[in-house]
Amino acid sequence: MSAGGTQPAAAGGAAAGGAVAPEAVRQLRERTGAGVMECKRALVEAAGNLDAAAELMRKQGLAKADKKAARVAAEGVVVIERVAGGRAAAMAEINCETDFVAREQDFRRFAADVARLTLERRPVDLAALLNAELTAGETVDQRRRALVAKIGEHISVRRCSVLEAGSAPGATLGAYVHGTRIGVLVELEAAAAGAHPAGGAGAAGGAGAAGPAGGVGATGATGAAAEAFAALAHDVAMHIAASRPQFISVADVPAEVIAKEREILTDQARQQAQREGKSAEVVAKMVEGRLRKTLNEIVLLGQPFVKDEEQTVEKLLKKAGARVTRFERFEVGAGIEKKQENFVAEVMAQVSAATTPPAGAAAPHGAGSPGGRAPGSP
């Protein structure tokens with residue numbers, strides 16, 4: 001034996017011949033969260049050194065994360081975090097490949113941590129968020145990569161947003177999460193300086209229940225009005241989650257979007273006019289009427305309120321003396337093109353690969369190859 005001797009198996013984790021001590025595997029699993037076989041392989045490669053094995057697994061994890069980055073991650077969760085008092089809120093969308101992982105606790109904790117950090121740091125963009133430290137010495141992206149290595153799926157921090165209530169009278173934030181897949185933040189404020197909500201959409205009063213004329217006046221009414229405004233903001237956020245408006249009002253719709261829609265509707269109306277013998281004046285009226293209807297479908301104010309379809313959101317807000325200044329809506333996977341799997345083709349490809357001999361391999365005897373015999377030959 002040399003002067004330095006050898007490390008005992010219990011201390012390092014690996015005995016002679018590459019055997020791994022169960023206690024070492026347990027300790028490495030606690031440190032990394034990886035599977036048993038991955039821990040065993042790392043300990044053998046690191047000659048039983050726990051620190052070296054953990055470092056090796058971290059490096060391998062980074063490589064795995066890079067390899068999986070090209071895979072489509074269209075499942076996941078939307079998480080909202082709010083400060084005490086609700087004057088500011090952050091929303092983040094974190095994606096993975098399958099809904100199974102979207103329910104996994106480590107993934108959910110990571111998503112909640114990212115939303116909480118977004119609220120604390122207010123990053124200027126996604127790159128700043130990924131480089132921000134979740135804990136001392138570990139950035140969001142490093143935690144993400146470690147999670148990829150542990151779970152085995154591509155995970156991405158797709159987007160984030162922070163809304164903070166302004167100083168305008170009645171400025172209030174509403175937040176709503178539908179399950180874990182749709183999240184909305186919306187800001188409301190009084191429609192005019194000094195105005196207060198005259199009612200709202202509280203749980204007890206129903207949608208748009210009118211309050212006392214003149215709004216706030218009696219002692220203590222300010223608190224009630226604030227509660228009504230908060231309830232209204234929540235209901236508007238819920239409406240946005242369900243109805244998917246793209247803009248607040250028609251005035252916010254870009255001119256090129258309106259022009260393109262008018263062009264499409266004009267072509268449709270002309271074809272109808274030719275079939276039915278309608279005049280150009282009638283065509284023009286048809287186009288404008290259909291355009292108004294289309295625009296009302298994509299703007300918040302023109303949509304029927306989900307809790308009372310007899311009134312539009314615009315009418316609901318007018319009753320309450322409120323207006324919407326901005327909103328954000330996240331839906332898991334929205335806009336991500338999912339890969340369409342063909343299960344039958346995938347199985348057939350695997351069968352073909354399993355039965356096709358490797359290039360250069362000798363053909364089976366009697367298969368008609370130059371080295372075999374043709375069927376029926378002596």
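**Exercise 1. A strand with two covered faces**

Task: find out which residues of β2 lie on each of its two covered faces.

Solution. Start with one side of β2: Ala-88, Ala-90, Ala-92, Ile-94 and Cys-96 sit there, and they are all buried. Now turn to the other side, where you'll meet Ala-89, Met-91, Glu-93 and Asn-95, again all buried. Put the two sides together and the tally is 9 buried residues out of 9, so β2 is mostly covered. Keep in mind that you're looking at a predicted model.

**Exercise 2. The sheet around β2**

Task: work out which strands share a sheet with β2, and in what order they stand.

Solution. Here's a bit of background before we begin. Strands in a sheet are held together in pairs by backbone hydrogen bonds, in a parallel or an antiparallel fashion.

Step one: read off the order. The sheet is open, has 3 strands and runs β1-β2-β5, with antiparallel pairing. β1 (75–82) and β5 (156–164) are at the edges with a single partner strand each, so each has one side without a neighbour in the sheet. From one strand to the next, the twist averages 15 degrees.

Step two: look at what packs on the sheet. Helix α6 (residues 105–121) does, touching β1, β2 and β5, and its direction makes about 145 degrees with that of β2.

Step three: check the pairings. β2, which covers residues 88–96, pairs with β1 over 8 bridges in the antiparallel sense. β2 and β5 are also antiparallel, again over 8 bridges.

Step four: zoom in on Ala-89. Ala-89 is the bridge partner of Arg-82, and Ala-89 also stands opposite Leu-163 in β5.

Step five: follow the chain from β1 to β2. The hairpin they form has 5 residues between the strands, and Gly-85 takes a positive phi there, near 95 degrees.

**Exercise 3. Ser-161 and its surroundings**

Task: decide whether Ser-161 is buried or exposed, and list which residues Ser-161 touches.

Solution. First, place the residue: Ser-161 lies in strand β5. Next, take its relative accessible area, which is 10%. Buried means under 20%, so Ser-161 counts as buried. Leaving out residues up to four places away in sequence, Ser-161 touches Ala-89, Ala-90, Met-91, Thr-118, Leu-185, Glu-328 and Phe-330.

One of those names is worth another look. Phe-330 has Arg-159 lying over the face of its ring, at 4.3 Å from the ring centre.

**Exercise 4. Another open sheet**

Task: give the order of the strands in the sheet that holds β7.

Solution. The order is β6-β7-β12, in an open sheet of 3 strands with antiparallel pairing. At the edges you'll find β6 (172–178) and β12 (322–331), each of which pairs on one side only. Ignoring direction, neighbouring strands here are turned by 15 degrees against each other on average. For the details, take β6 and β7 (residues 182–190): 7 bridges join them, and they run antiparallel. Tyr-176 has Val-184 in β7 as its bridge partner.

**Exercise 5. One face of a helix**

Task: say where the buried residues of α12 fall around its axis.

Solution. Begin by naming them: within helix α12 (residues 313–320), the buried residues are Val-313, Leu-316, Leu-317 and Ala-320. Then look down the axis of α12. The buried residues fall within an arc of 95 degrees, so they line one face of the helix. Finally, step past the end: Gly-321 follows α12, and its phi is positive, near 65 degrees.

**Exercise 6. Two exposed helix residues**

Task: decide whether Pro-22 is buried or exposed, then do the same for Asp-51.

Solution. Pro-22 lies in helix α2 (residues 22–32). The relative accessible area of Pro-22 is 66%, and exposed means over 50%, so Pro-22 is exposed. Its C-alpha atom is 8.9 Å from that of Lys-40, a residue 18 places apart along the chain.

Asp-51 is found in helix α4 (residues 50–68). With 52% relative accessibility, Asp-51 counts as exposed too. Asp-51 and Leu-28 are 23 residues apart in sequence, yet C-alpha to C-alpha they are 8.8 Å apart.

**Exercise 7. The whole chain**

Task: state how many helices and strands the protein chain has, and what share of its residues is buried.

Solution. Count the elements: 13 helices and 12 strands. Of the 378 residues, 37% are buried. Then go to contacts with a separation of 6 or more: 64% of them are between residues 24 or more positions apart.

Notes:
Residues numbered from 1 in each chain as written. Predicted model: local features only at pLDDT ≥ 70, side-chain atom pairs only at ≥ 80, totals over all residues. Heavy atoms only, no water. Pairing = 2+ DSSP bridges. Helix = DSSP H or I, 4+ residues; strand = E, 2+ residues; numbered from the N terminus. Axes fitted to C-alpha atoms, helices over the stretch in contact; angles between N-to-C directions. Contact = heavy atoms within 4.5 Å. Buried < 20%, exposed > 50% of the residue type's maximum accessible area, 1.4 Å probe, protein only. Arc of directions from axis to C-beta. Lys NZ or Arg CZ within 6 Å of the ring centre and 35° of its normal.
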